[in-house]
Amino acid sequence: MTIRVLICDDHLIVRQGIKQVLAEAEDLRVVGEAANGPDAIQQVRAGGVDVVLLDIAMPQRDGLDILKALKSEFPKLPVLMLSTYPDRQYAVRSLKLGAAGYLNKSADSEQMIDAVRSVARGRLFITPSVAEQLAGAVGAGGKRADDEQPLHELLSHREYQVFKLLAAGRSVGEIAEQLVLSPNTVSTYRTRVLEKIGVRNDVELALFAVRMEGAGSAG
């Protein structure tokens with residue numbers, strides 16, 4: 001399936017560079033370019049966009065403002081934030097506002113392609129550097145986000161196995177094969193895990209897992 005991408009960056013040379021990178025992947029197709037926030041929002045409203053690549057530093061409205069507007073109107077649309085700034089400045093803020101990932105523009109082409117594919121599939125894309133920032137921003141102390149029951153006490157052994165594999169980006173089919181279970185059984189465990197830890201999807205689950213690991217509870 002072709003993943004349709006909208007590139008939002010105010011520098012033409014950057015947009016051209018990203019287009020050239022994405023052209024290396026047969027399943028990715030750039031369907032639009034925007035040099036400012038209003039244009040980006042208008043193109044998303046027109047439809048036909050699966051993933052938005054959004055620069056942090058945009059004219060008229062900065063990238064975080066555009067992100068908030070897009071997620072308010074299109075909550076299921078994956079937005080991958082791009083930046084030249086150090087991860088510590090904007091990564092956590094971006095993810096808290098609903099970004100599906102955060103990537104520095106210095107990333108190599110393979111990583112950028114992987115990031116677009118990941119967020120298009122509903123997964124959270126974070127680099128090790130961003131994971132460190134998230135872990136430092138939220139210390140769950142080995143417990144759930146609401147500081148209640150420790151996760152290993154909340155989930156059964158099998159649910160915890162499924163939780164760890166989902167957080168690592170594994171699909172239901174991959175988990176079923178690894179744990180020698182049927183996909184339907186894994187789907188049932190996934191539903192239980194989401195309900196018990198109080199998240200709505202695999203993206204929120206992955207973000208939760210990063211916080212847990214940062215607190216030293218993922219062993």
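## Exercises on a predicted model

About 1200 Å³ of space lies in the largest pocket of this structure, which is a predicted model.

**Exercise 1.** Describe the lining of the largest pocket, beginning with the residues closest to its centre and ending with the classes of residue in the lining.

*Solution.* Begin at the centre of the pocket: 46 residues line it, and the closest to the centre are Gly122, Leu124, Asp202, Val203 and Glu204. Next, turn to the elements: those that give two or more residues to the lining are helix H4 (87-96), helix H5 (109-120), helix H8 (157-167), helix H10 (183-197) and helix H11 (202-214). Among these, H11 gives the most, with 10 residues. Finally, sort the lining by class, which yields 25 nonpolar, 7 polar and 14 charged residues.

**Exercise 2.** Work out how H8 is oriented against H10, and list the residues through which these two helices meet.

*Solution.* Two packed helices are described by the angle between their axes and the distance between the axes. For H8 and H10, the angle is about 90° and the axes lie 9 Å apart. Angles of 65 to 115 degrees count as roughly perpendicular, and therefore H8 is roughly perpendicular to H10. On the H8 side the contact is made by Arg158, Glu159, Val162, Phe163 and Leu166, which meet Val186, Tyr189, Arg190, Arg192, Val193, Lys196 and Ile197 of H10. Divided by class, the residues of this contact are 7 nonpolar and 5 charged, with no polar ones.

**Exercise 3.** Carry out the corresponding analysis for helix H9 (residues 172-179) and H10.

*Solution.* The axes of H9 and H10 come within 9 Å and cross at roughly 110°. Because this angle falls in the range of 65 to 115 degrees, H9 is roughly perpendicular to H10. Val172, Ile175 and Ala176 of H9 meet Pro183, Val186, Ser187 and Arg190 of H10, and the residues of this contact divide into 5 nonpolar, 1 polar and 1 charged. Comparing the two lists shows that Val186 and Arg190 of H10 appear in the contact with H8 and also in the contact with H9.

**Exercise 4.** Give the strand order of the open sheet, and then place helix H3 (residues 63-73) against the sheet.

*Solution.* The open sheet has 5 strands in the order S2-S1-S3-S4-S5, with parallel pairing. Its edge strands are S2 (28-34) and S5 (101-104), each of which pairs on one side only, and the twist averages 25° from one strand to the next. At the S5 edge, 4 bridges join S5 to strand S4 (residues 79-83), the two running parallel, and Leu80 stands opposite Gly101 in S5. Helix H3 packs on the sheet, where it touches strand S3 (51-55) and S4, and its direction makes about 180° with that of S4.

Notes. Residues are numbered from 1 along each chain as its sequence is written. This is a predicted model: local features need pLDDT of at least 70, side-chain atom pairs count only at pLDDT 80 or more; totals for chains, interfaces and linings use all residues. Side-chain values use heavy atoms; hydrogens and water are left out. Two strands pair if DSSP finds at least two bridges between them. Axes are lines fitted to C-alpha atoms, for helices over the stretch in contact, and angles run from 0 to 180 degrees between N-to-C directions. Contact means heavy atoms within 4.5 Å. On a 1 Å grid over the protein atoms alone, a cavity is a set of points where a 1.4 Å probe fits but cannot get out, and a pocket is an open set with protein on both sides within 12 Å along at least five of seven lines; lining residues have an atom within 4 Å of a point. Grid points are joined across faces, edges and corners, and a volume is the space filled by probe spheres set on the points. Ala, Val, Leu, Ile, Met, Phe, Trp, Tyr, Cys and Pro count as nonpolar, Asp, Glu, Lys and Arg as charged, and the others, Gly among them, as polar. Angles under 35 degrees count as roughly parallel, over 145 as roughly antiparallel, 65 to 115 as roughly perpendicular and the rest as oblique.
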